[in-house]
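This report describes the empty spaces enclosed by a protein and the surroundings of its ligand. The structure is shown first.

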Amino acid sequence: MAASKDRQAHPDTVLAHAGLDPHGNHGVVNPPVYHASTILKPSLAEWEAAEKPGYAGYSYGRSGTPTTRAFEAAVSQLYGVENAVAISSGLGAVALALLGLTKSGDHVLVSDSVYYPCRRICNTILKDFGVATTYFDPLIGDGIAELIRPETTLICTESPGSLTFEVSDIPAITAAAKTRGVKVMIDNTWATGLYYNPFRHGVDVVVEAATKYIAGHSDVMMGVALANDPVLGGRLRAVANNLGYSAAPDDVYLALRGLRTMSVRLARQQETGLEIAHWLEKRPEVARMLHPALAGDPGHAIWKRDFTGACGLFAMVLHPVPHEAVAAFIDGLRYFGLGASWGGYESLIMPADPRRIRTATRWEDAGPLLRLHVGLEDPGDLIADLEDGFRRLHAALA
Ligand SMILES: *Cc1c(COP(=O)(O)O)cnc(C)c1O
């Protein structure tokens with residue numbers, strides 16, 4: 001479909017065309033949903049070929065179908081790499097990377113701001129299998145070098161952290177890792193491949209919860225793990241196959257369909273999110289905003305240097321108020337649903353307490369943290385909804 005072989009397609013064009021093969025399927029634009037367990041071979045020779053390492057065809061539903069490969073091809077093209085593995089959830093993708101890049105006796109460094117269930121994997125499964133974890137300050141930068149031990153094999157990051165939004169200096173971290181032979185993985189769910197390409201900053205493995213912006217409609221669980229190098233890609237694939245991790249055909253289809261419109265959704269959610277964040281920033285109830293695209297945010301300079309956009313997920317820290325006042329704010333909201341997850345078309349709000357999670361750093365803010373996900377609604381309606389919330393908050397204080 002490329003108009004000219006020399007011209008590098010814009011990511012929006014990649015999103016519209018990657019992974020398509022209409023003429024392999026009667027001209028139908030989208031790849032069909034293959035429901036499969038058994039996949040038959042026409043001859044003994046083909047059967048034997050399928051048993052050889054590196055076989056590129058289809059052998060069994062669990063290890064993927066043409067629907068799975070279309071999704072993987074599309075996401076990997078967005079990131080400009082060749083190795084992607086689709087898996088049944090974002091957390092599954094995190095697990096693939098952690099298990100694929102460590103072995104007994106290894107030491108891993110994990111950012112204190114990572115998605116909480118990633119810590120659970122480190123603190124239970126990895127620990128039980130003899131892999132030690134040290135948590136580090138997400139703002140550590142090249143100071144990471146001092147934490148690297150001879151047995152350190154992996155640095156696990158998420159930037160910005162999807163609860164507290166610190167932006168890590170990934171190029172500084174990967175530079176320190178590279179000279180010591182340490183691999184770096186990142187959870188890139190916040191920025192997606194559209195607004196941040198970690199492979200250009202020295203990262204080895206990227207994971208994304210496709211549940212969020214890729215699928216985009218709050219109806220799919222899906223993850224993807226990507227590697228810049230075929231050996232690492234093979235390790236991710238091997239862990240998925242060995243553990244029996246698989247991605248369901250309808251979900252892969254929906255995730256690929258979501259990917260087609262991700263750019264327009266993200267652009268709108270970025271714009272509305274910023275409008276709301278600017279409005280919140282001026283509210284007397286708000287102690288500070290956690291949003292890297294705001295000029296006053298501590299992570300703004302690095303965000304501006306490394307990222308090309310921001311999604312609709314950010315947080316606000318309120319001045320200390322009694323719990324009933326927070327409940328009054330949240331409970332009457334019309335458009336902000338109270339729920340975990342994010343990346344869908346609808347707005348969400350969620351309270352969180354980083355003090356209960358952190359171990360390498362201290363969370364100093366005294367007031368409650370509320371995380372907001374801004375959907376595709378009209379910004380004026382969302383602001384009015386929040387304004388009513390603040391009115392209820394004050395009424396509860398009276
Ligand atoms: C949601 C999320 C995950 C996990 O994805 P699931 O599909 O819910 O398993 C991983 N990382 C981040 C940053 C997330 O927000």
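By class, five nonpolar, five polar and four charged residues form the lining of the largest cavity. Ala, Val, Leu, Ile, Met, Phe, Trp, Tyr, Cys and Pro count here as nonpolar, Asp, Glu, Lys and Arg as charged, and the others, Gly among them, as polar. The model is predicted: local features need pLDDT of at least 70 and side-chain atom pairs pLDDT 80 or more, whereas totals for chains, interfaces and linings use all residues. Residues are numbered from 1 along each chain as its sequence is written, and side-chain values use heavy atoms, without hydrogens and water.

Of the 14 residues lining the largest cavity, R62, S63, A86, R237 and Y245 lie nearest its centre. A cavity is a set of points on a 1 Å grid over the protein atoms alone where a 1.4 Å probe fits but cannot get out, and lining residues have an atom within 4 Å of a point. The largest cavity has a volume of about 80 Å³, where a volume is the space filled by probe spheres set on the points, joined across faces, edges and corners.

The second largest cavity holds about 40 Å³ of space. Its lining has seven nonpolar, one polar and two charged residues, including D187.

The ligand is surrounded by 13 residues, each with a heavy atom within 4 Å of it. Polar contacts (pairs of N or O atoms within 3.5 Å) are listed below.

| Ligand atom | Protein partner | Distance |
|---|---|---|
| oxygen | G90, polar backbone atom | 2.7 Å |
| nitrogen | D187, side-chain N or O atom | 2.6 Å |
| oxygen | K212, side-chain N or O atom | 2.6 Å |

Key
Polar contact = N/O pair within 3.5 Å; in protein donor to acceptor, adjacent residues only side chain to side chain. 1 Å grid on protein atoms, 1.4 Å probe; cavity = no way out; pocket = protein on both sides within 12 Å on 5 of 7 lines; lining within 4 Å.
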